[in-house]
Amino acid sequence: QKAGSNPGRSRQKAKGTHFSISEYISIVVVDLLQELTDIDTLHESEEGAEVLIDALLEGQVVALMVQNMERLDETVKEEADGVYNTLGNCSLCSLFPSFCASGAKMPFDANKLYCSEILVFKRHNPTTAEEQEMMENLFDALCSCLMLPANRDRFLRGEGLQLMNLMLREKKMSRVSALKVLDYGMIGPEGSDNCHKFVDILGLRTIFPLFMKTPKKMKKVGISDKEHEGLFSNASSLVCFYRRQQRVKTFIHFTQRSLKLLVDRLMELHFKYLEAVQLADKRIEGEKHDMVRRGEIIDDAMDDEFYLRRLDAGLFVLQLVCYIMVEICNAGVPQLQQRVHQILNLRGGSVKIVRHIMREYAENIGDGKSEEFKESEQKRILELLENF
């Protein structure tokens with residue numbers, strides 16, 4: 001721009017367009033970045049991808065894209081496309097967590113909290129399939145943010161737990177997604193403060209009825225039992241937290257009023273998912289037999305694929321249920337352990353099977369965790385099994 005010229009001319013609309021030259025350039029750049037950072041493109045050259053990502057991080061590209069997105073007008077098609085492509089670029093956060101940190105430096109205030117409550121459908125259900133997909137995407141984005149341990153503290157300070165608890169009480173479609181967010185917020189040592197706070201806000205009173213039975217309203221909107229599994233992870237996090245904090249008595253005081261129902265429900269889920277996993281194991285063993293007969297090699301990659309299929313078939317929930325059973329049986333309350341063993345015997349179950357499931361679970365701990373955490377958690381689980 002020439003000296004002395006009107007600064008407002010930089011916002012002048014380009015000929016034949018509905019937006020300014022600077023906006024047009026930014027949209028083209030965002031489109032180019034999306035092509036360069038496409039997952040398939042990045043996989044073509046890992047070395048080149050690392051160089052590109054490092055350069056983008058150094059240039060604080062995520063923060064710049066977020067700032068640029070604020071000035072785009074979504075009523076104009078080209079600018080709406082620019083917003084779409086910007087969000088596409090932000091998907092890199094799932095592959096490179098450092099991207100999240102570079103784009104999350106804007107101040108937080110009460111207005112943003114209020115807006116977030118509107119966005120996450122606290123008081124009304126989505127009216128269309130597209131709106132429901134948007135709601136689920138918003139919750140998934142929040143879960144992705146909570147994968148970064150530092151964000152769990154921000155979630156606590158931002159009263160995210162209270163908001164999720166309100167959503168559970170509202171009995172809307174957002175209930176299942178709220179459970180998933182709680183799962184991400186309370187998991188691991190970094191989530192212990194969130195576990196503590198969730199109990200303080202009487203969250204146990206909210207999730208206990210859900211744990212006992214999937215509400216009919218949730219089934220009516222197409223929520224399956226498997227999608228309800230966030231409860232099991234929440235429960236395992238809470239039980240583990242109480243064990244570590246030596247506050248088992250508080251937890252037991254809450255559960256004693258419905259002690260028999262709690263244990264009976266656990267055992268019901270144990271046998272339900274055990275049967276599902278056993279059926280999946282039979283299918284997988286048949287496939288392995290056919291592969292060996294054809295002379296095919298079952299390598300580590302194939303074993304990992306089979307394990308993922310078993311998790312999807314119900315092994316993940318089964319592991320969490322067994323984890324809760326083992327923790328509860330080590331809580332120092334004889335009635336709990338006696339009830340678990342009694343039902344196992346009555347229904348033809350086996351302590352040996354539970355131990356096998358937990359040993360397999362312990363062997364696979366550590367994805368994304370430090371070696372120190374992995375070893376300590378494995379040791380703790382094996383110690384629990386000795387007293388089961």
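This tour moves through a predicted model, selecting a few helices and the charged pairs that join them.

**Helix α19**

Begin by selecting residues 334-346, which form helix α19. With 13 residues at 1.5 Å a residue, this helix should span 18 Å, and its end C-alpha atoms are indeed 18 Å apart, which agrees with that expectation. Next, colour Leu 336, Val 340, Ile 343 and Leu 344, which are the buried residues of α19. If you look down the axis of α19, these buried residues fall within an arc of 105 degrees, so they line one face of the helix. Turn the view to the face that points away from this buried side, and there you will find the exposed residues Gln 338, Asn 345 and Leu 346. Just after α19, pick Gly 348, whose phi is positive at about 70 degrees.

**From α19 to α17**

Stay with α19 and show the side chain of Arg 339 together with that of Asp 264, since the two meet in a salt bridge with an N to O distance of 3.0 Å. Arg 339 lies in helix α19 while Asp 264 lies in helix α17 (residues 259-293), so the pair ties together parts that are 75 residues apart in sequence. Both ends of this bridge can be inspected for accessibility: Arg 339 is partly exposed, with a relative accessible area of 23%, and Asp 264 is partly exposed as well, with a value of 21%.

**Along α17 and across to α18**

Now move along α17 to Glu 287 and add Arg 309 to the selection; these residues form a salt bridge in which the closest N and O atoms are 2.7 Å apart. Because Glu 287 belongs to helix α17 and Arg 309 to helix α18 (residues 300-329), the pair ties together parts that are 22 residues apart in sequence. Glu 287 is partly exposed, with a relative accessible area of 31%, and Arg 309 also counts as partly exposed, at 32%.

For a bridge inside a single helix, select Asp 290 and Arg 293, which both lie in α17, 3 residues apart, or about one turn of the helix. Their salt bridge has its closest N and O atoms 3.4 Å apart. Here Asp 290 counts as partly exposed at 28% relative accessibility, whereas Arg 293 counts as exposed at 62%.

**Glu 360 and its network**

Go next to helix α20 (residues 351-363) and centre the view on Glu 360. Is this residue buried or exposed? Glu 360 has a relative accessible area of 14%, which is under the 20% cut-off, so it is buried. Leaving aside neighbours within four places in sequence, display Tyr 307, Arg 310 and Leu 315, with which Glu 360 is in contact. Then add Asp 281 to the view, as Asp 281, Arg 310 and Glu 360 are linked in a network of salt bridges. In the whole model, the count of salt bridges comes to 13.

**A last stop in α8**

Finally, select helix α8 (residues 129-146) and pick Ala 141 within it. Ala 141 counts as partly exposed, at 40% relative accessibility. To end the tour, draw a distance from the C-alpha atom of Ala 141 to that of Val 181: the two residues are 40 residues apart along the chain, and these atoms are separated by 9.7 Å.

Note on methods. Residues are numbered from 1 along each chain as its sequence is written. This is a predicted model: local features need pLDDT of at least 70, side-chain atom pairs count only at pLDDT 80 or more; totals for chains, interfaces and linings use all residues. Side-chain values use heavy atoms; hydrogens and water are left out. Helices (H or I, at least four residues) and strands (E, at least two) are DSSP runs, numbered from the N terminus. The expected span of a helix is 1.5 Å times one less than its number of residues. Buried means under 20% relative accessible area, exposed over 50%, partly exposed in between (1.4 Å probe, protein chains only). The arc is that of the directions from the helix axis to the C-beta atoms. Contact means heavy atoms within 4.5 Å. A salt bridge is a side-chain nitrogen of Lys or Arg within 4 Å of a carboxyl oxygen of Asp or Glu.
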